[in-house]
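Here's a quick briefing on a few helices and side chains worth a look. Pull up the model and follow along.

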Amino acid sequence: MWKKLCTVCAAVVLVLLAGTLAWLLFPRREIPSVLESLRVKAEDVTDWSHAIAYVPLDDRTDNLEDVVYLAEASGYQIVLPPGDSYCTKLDGQAPNSNGTQYGDREALFLWLQEMEERGCDLYLLSLDQLFSGGLVNSRSVSGPADLVFADGTRMSETEAFDHFVLSLAQDPENEIHLFDSVVRLASTVGYRGFGLAEYNALRAYGMEPRPTLEGEALTLENIFAAYPYGEDGVTAAEEGMEQFREDLTEEMIRDYLGVRRRKLQLTDYVISALSAAPHDNIHLLIGIDDSSNATNIQYNELSYLSQAAGRGTTLLTGLDSLARLLVGQIAQNSYGHPVKTFLRYIGGSESVPSSEYDVHTLEKTVDLHMDLFQARRVAEDEAELQLLVMTAPDDPSKAEAYCEELVSQLEENCRERVPTILLEASNNAYGDRLERMLFDRVDFGSLLAFAGKYDQANVTGAAFAMGFSRYLYLACREEKDEASDAAQVRQLANSMALTYPYILHTRYDLNLFIKKLRDNYNNLSPSHPIRNRLIQSFLERRFLSLCGGVEENLQGSYLITSLAPYEEKIISGVSIRDPYLPWNRTFELSFSIDVDPLVPAGK
């Protein structure tokens with residue numbers, strides 16, 4: 001009997017081992033790229049009056065899916081450049097079709113020319129992409145980078161800008177929205193040999209206080225001259241950084257300062273060009289990328305840009321929400337309706353920065369976004385739209401009460417059919433408590449917008465863009481369509497799934513799992529297919545199991561589909577599938593979202 005049992009156990013073990021081996025050796029199933037499913041070809045556009053030619057900052061979720069979903073939910077269609085012309089590849093990954101790790105600048109400029117010839121009137125363009133091939137590469141280019149076209153034509157970055165972008169403003173029917181960044185304090189881990197140790201060293205170097213310049217002394221030349229020195233203007237900025245000196249080389253410092261010079265000079269050129277443009281139809285939104293409220297190396301740059309900003313230029317905190325904000329600006333310009341908004345903070349911490357990466361207090365960040373959308377602050381009984389901002393608790397003993405206050409208000413708004421934006425800006429200060437209460441008692445489908453991830457500058461921009469753009473569509477657009485409603489469900493599901501199942505409940509454990517496999521979660525090695533299969537399997541099991549709560553919450557929710565007259569539809573079903581790491585690192589996540597046909601309420 002014992003021998004027979006052992007034989008059976010051995011057979012089971014062999015079957016399991018064989019199954020595992022077959023799974024590991026069997027060709028990996030191809031996960032469909034969200035990028036391919038989102039791309040609209042120029043030749044398929046039938047209504048150019050609502051089509052936006054979009055050159056993205058890069059191909060991360062914030063700049064791709066989020067922008068496409070938001071535009072479609074607002075009644076617009078995003079037209080993307082072809083192929084991988086705007087994609088970024090980290091070290092060790094297969095290069096783009098142009099043979100580089102960054103975007104194809106020449107192809108993108110020529111694509112703009114083609115869009116103009118096709119009759120496009122709306123443009124949303126990343127200058128980091130057009131000048132440098134994307135955000136990551138803009139942190140690495142430390143000197144002039146001429147463009148060379150296939151016919152042998154050579155242009156500087158500014159010459160190409162004048163020829164292909166500024167020329168669009170000659171046509172008063174065109175509306176051109178540009179966005180750019182102030183270089184953050186360190187470059188990107190996993191790009192051009194840049195590691196975590198180098199990142200920490202260079203960020204510490206950038207954080208060192210610099211001499212502050214004011215008035216007539218605030219010039220480009222003086223800013224550049226002050227870069228290498230500490231607060232006294234004499235001592236080298238790297239003095240006193242013994243803990244990082246081993247990782248901070250003279251070459252790194254030289255390249256770092258060159259990157260900052262180049263970027264500031266290019267931005268300054270664009271600001272001057274816009275001030276002299278013939279029509280008021282080209283605008284620039286500058287985002288502050290990863291900083292703090294201190295006199296670091298960015299301080300003089302920000303002061304200079306604030307002073308230089310003239311007609312058509314706005315400086316704002318955050319970066320990865322800029323494209324979405326500009327979609328909102330396009331809607332605002334189209335409808336010209338200043339939304340009467342009631343703003344309410346819950347939690348009591350709006351008067352402080354939400355994290356070490358925020359330049360302003362949360363209240364100041366929200367105020368800047370209110371001004372950007374020309375929102376009119378009104379009393380609650382006069383409002384068309386309500387904006388609820390959940391902050392961290394000013395008193396931890398009141399955390400439960402704050403959660404109840406927020407959820408009760410959301411329940412009431414749903415009953416009273418009040419269009420609502422929820423900005424969850426607590427940085428997970430309430431733990432799982434708030435999440436459970438929201439998922440148990442609030443129908444997210446009834447919200448115009450929800451956002452709640454990491455740094456609050458980007459989260460605030462995402463919430464404003466989603467909410468105000470959708471509101472303007474519902475209140476002002478006469479012709480509604482099913483595709484816009486499905487896109488609204490997708491952007492809600494996308495924001496919910498990224499915030500809770502992934503960022504709060506999957507990413508940390510996924511990073512630990514990857515570390516145990518001795519891989520780098522900032523840049524997974526593509527040369528280990530078995531290890532990558534294990535990582536993908538872990539991601540799918542953990543993330544998709546948690547997405548069930550998102551799907552269940554949305555299913556059966558009432559989605560607002562019109563405000564004049566007021567109409568709703570029932571979300572009959574949502575399915576999240578096929579998650580993957582688009583940059584082979586865990587910071588971003590992409591996945592597909594299927595939405596069943598919506599059912600008119602009452603039927």
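Which side chain does the side chain of Asp62 make a polar contact with? The partner is Arg324, at 3.3 Å; a polar contact here is a pair of N or O atoms within 3.5 Å, and within protein one must be able to donate a hydrogen and the other to accept it, with residues adjacent in sequence counting only if both atoms are side-chain atoms. Bear in mind that this is a predicted model, where local features need pLDDT of at least 70 and side-chain atom pairs count only at pLDDT 80 or more, while totals for chains, interfaces and linings use all residues. Residues are numbered from 1 along each chain as its sequence is written, and side-chain values use heavy atoms, leaving out hydrogens and water.

**Asp62 and helix H13**
- Asp62 sits in the loop between strand E1 (51–55) and helix H3 (65–73); helices (H or I, at least four residues) and strands (E, at least two) are DSSP runs, numbered from the N terminus.
- With a relative accessible area of 8%, Asp62 is buried (buried means under 20%, exposed over 50%, partly exposed in between, with a 1.4 Å probe and protein chains only).
- On the other side of that contact, Arg324 is one of the buried residues in H13.
- H13 covers residues 322–335, and 12 of its 14 residues are buried, so the rest of the structure largely encloses it.
- The end C-alpha atoms of H13 are 20 Å apart, which agrees with the expected 20 Å (1.5 Å times one less than the number of residues).
- Right after H13 comes Gly336, with a positive phi of about 60°.

**Helix H18**
- H18 (residues 482–504) should span 33 Å, and its end C-alpha atoms are 32 Å apart, which agrees.
- Asp481 caps the N-terminal end, with a side-chain oxygen 3.2 Å from the backbone nitrogen of Ala483.
- There's a kink of about 35° at Ala497, shortly before Pro501 (the angle between axes fitted to the seven residues ending there and the seven starting there).
- H18 is mostly covered, with 19 of its 23 residues buried.

**Gln409 in helix H15**
- Gln409 belongs to H15 (residues 399–415), and its relative accessibility of 8% makes it buried.
- The side chains of Gln409 and Asn413 share a polar contact of 2.8 Å.
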